[in-house]
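Good morning, and thank you for joining the meeting. Please look at the sequence and the structure on the screen while I speak.

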Amino acid sequence: MAGRGGVVKRVWDGYVPPECHRNPAIHRLNGNSIWEVAQEPLHEDIDFNKTCGIGPTMVFANIVLEMDPQFGKIGLVPCAIGGTSIDKWSQGSRLYNDMIKRARIALQDGGTIQGILWYQGERDALTLKKAKSYKRKLENFFGDVRNDLNSPLLPIFQVALASGEGPFMEEVREAQLGINLANVITVDALGLPVEQDALHLTTQAQVQLGYKLADAFLKAHYIFRTTQ
């Protein structure tokens, strides 16, 4: 989720696809909690201990505005930290608290949270124990986030893994695909090409994933609007 597209041996090639272009209607909450026009690498000052490249989120935002010009401004709140297990995101942990804090800051200027993009789980494929407990922990995480943001039906768009750090990727994917919670929509990344590390998505794969997430978001957003 933090974006490793174009990153090889800890060096980003600097290529920004046209689908990831800057747009004055797309902002991000930077590492100092200040709004600025968003650009790649989106997580550069968030996941600062690793090299960031292209992720799916700028594509997602650009396509949403292209398909729905009346949507308005988009504020992105990047929070991803690569290589973390689901335990690192449990309620009360540093990463969880930082994410909730940033989400609340984003609301101070009168915006509303329209959804969460969640792509995580490769580290939980390392052991069978982690993989088998993943579904329960992920469901708890989604519930805790919704409770702490006072949004019990907040749309969550999770990505089912394309790769894993260990031999139990299929068990983690089974957990992800088996989530049956209201307004949790799963986008499958299986089959998208990965970098030389056999783990992270390539730049073009991140672009494809951005399209998938935008499509899922727009469909859910339309359904939500028409049922209100």
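The side chain of Arg173 reaches the side chain of Asp188 in a polar contact of 2.7 Å. I should state at once that this is a predicted model. The two side chains also meet in a salt bridge, at 2.7 Å from N to O. This pair links distant parts of the chain, since Arg173 belongs to helix α4 and Asp188 to strand β8, with their positions 15 residues apart in sequence.

Is Arg173 buried or exposed? Its relative accessibility is 5%, so Arg173 counts as buried, the limit for that class being under 20%. Asp188, by contrast, has a relative accessibility of 30% and therefore counts as partly exposed.

Which residues surround Arg173, if we set aside its neighbours within four places in sequence? Arg173 is in contact with Ala160, Leu161, Asp188 and Leu190.

Arg173 has a further charged partner in Glu170. Their side chains meet in a salt bridge at 4.0 Å, N to O. Helix α4 covers residues 169-177, and Glu170 and Arg173 lie 3 residues apart in this helix, which means that about one helical turn separates them. Glu170 is partly exposed, with 46% relative accessibility.

As a general remark, side chains of opposite charge can pair when their charged atoms come close. How many salt bridges does a search of the whole structure find? The search finds 10.

Another of these joins Glu165 to Arg123, with 2.8 Å from N to O. Glu165 sits in the loop between β7 and α4, while Arg123 sits in the loop between β6 and α3, so this salt bridge ties together parts that are 42 residues apart in sequence. Glu165 is partly exposed at a relative accessible area of 30%, and Arg123 is partly exposed at 29%. Elsewhere, salt bridges that share partners join Arg28, Glu36 and Asp45 into one network.

Let me turn to the strands just named. Strands β6, β7 and β8 form an open sheet of 3 strands, in the order β6-β7-β8 and with parallel pairing. Which strands lie at the edges of this sheet? The edge strands are β6, residues 116-118, and β8, residues 184-188, and each of them pairs on one side only. On average, neighbouring strands of the sheet are turned by 20° against each other, with direction ignored.

Strand β7 comprises residues 156-160 and runs parallel to β6, to which 3 bridges join it. Within this pairing, Ile116 stands opposite Ile156 of β7. Helix α3 lies across β6, β7 and β8, and runs at about 160° to β6.

Helix α3 brings us to the aromatic residues. There are 7 aromatic pairs in the count. In one of them, the ring centres of Tyr96 and Phe141 are 6.1 Å apart and the planes stand at 80°; angles over 60° count as edge-to-face, so this pair falls in that class. Tyr96 lies in helix α2, residues 94-106, and Phe141 in helix α3, residues 128-148, so the pair links distant parts of the chain, 45 residues apart. Both Tyr96 and Phe141 are buried.

Phe141 also pairs with Phe142. Here the centres are 5.8 Å apart and the planes make an angle of 55°, which gives a tilted pair. How accessible are these two phenylalanines, and what follows for their class? Phe141 has 5% relative accessibility and therefore counts as buried; Phe142 has 1% and is likewise counted as buried.

Ring pairs link Trp89, Tyr96, Trp118, Phe141 and Phe142 into a cluster. Trp118 lies within the residue range of β6, 116-118, so the cluster includes a residue of the sheet as well as Tyr96 of α2 and Phe141 of α3.

To close, I return to the starting point. Arg173 is buried, with a relative accessible area of 5%, and its side chain meets that of Asp188 in a salt bridge and that of Glu170 in another. Thank you for your attention.

Definitions and conventions. Residues numbered from 1 in each chain as written. Predicted model: local features only at pLDDT ≥ 70, side-chain atom pairs only at ≥ 80, totals over all residues. Heavy atoms only, no water. Phe/Tyr/Trp six-rings, centres within 6.5 Å; stacked < 30°, edge-to-face > 60°. Helix = DSSP H or I, 4+ residues; strand = E, 2+ residues; numbered from the N terminus. Buried < 20%, exposed > 50% of the residue type's maximum accessible area, 1.4 Å probe, protein only. Pairing = 2+ DSSP bridges. Axes fitted to C-alpha atoms, helices over the stretch in contact; angles between N-to-C directions. Contact = heavy atoms within 4.5 Å. Polar contact = N/O pair within 3.5 Å; in protein donor to acceptor, adjacent residues only side chain to side chain.
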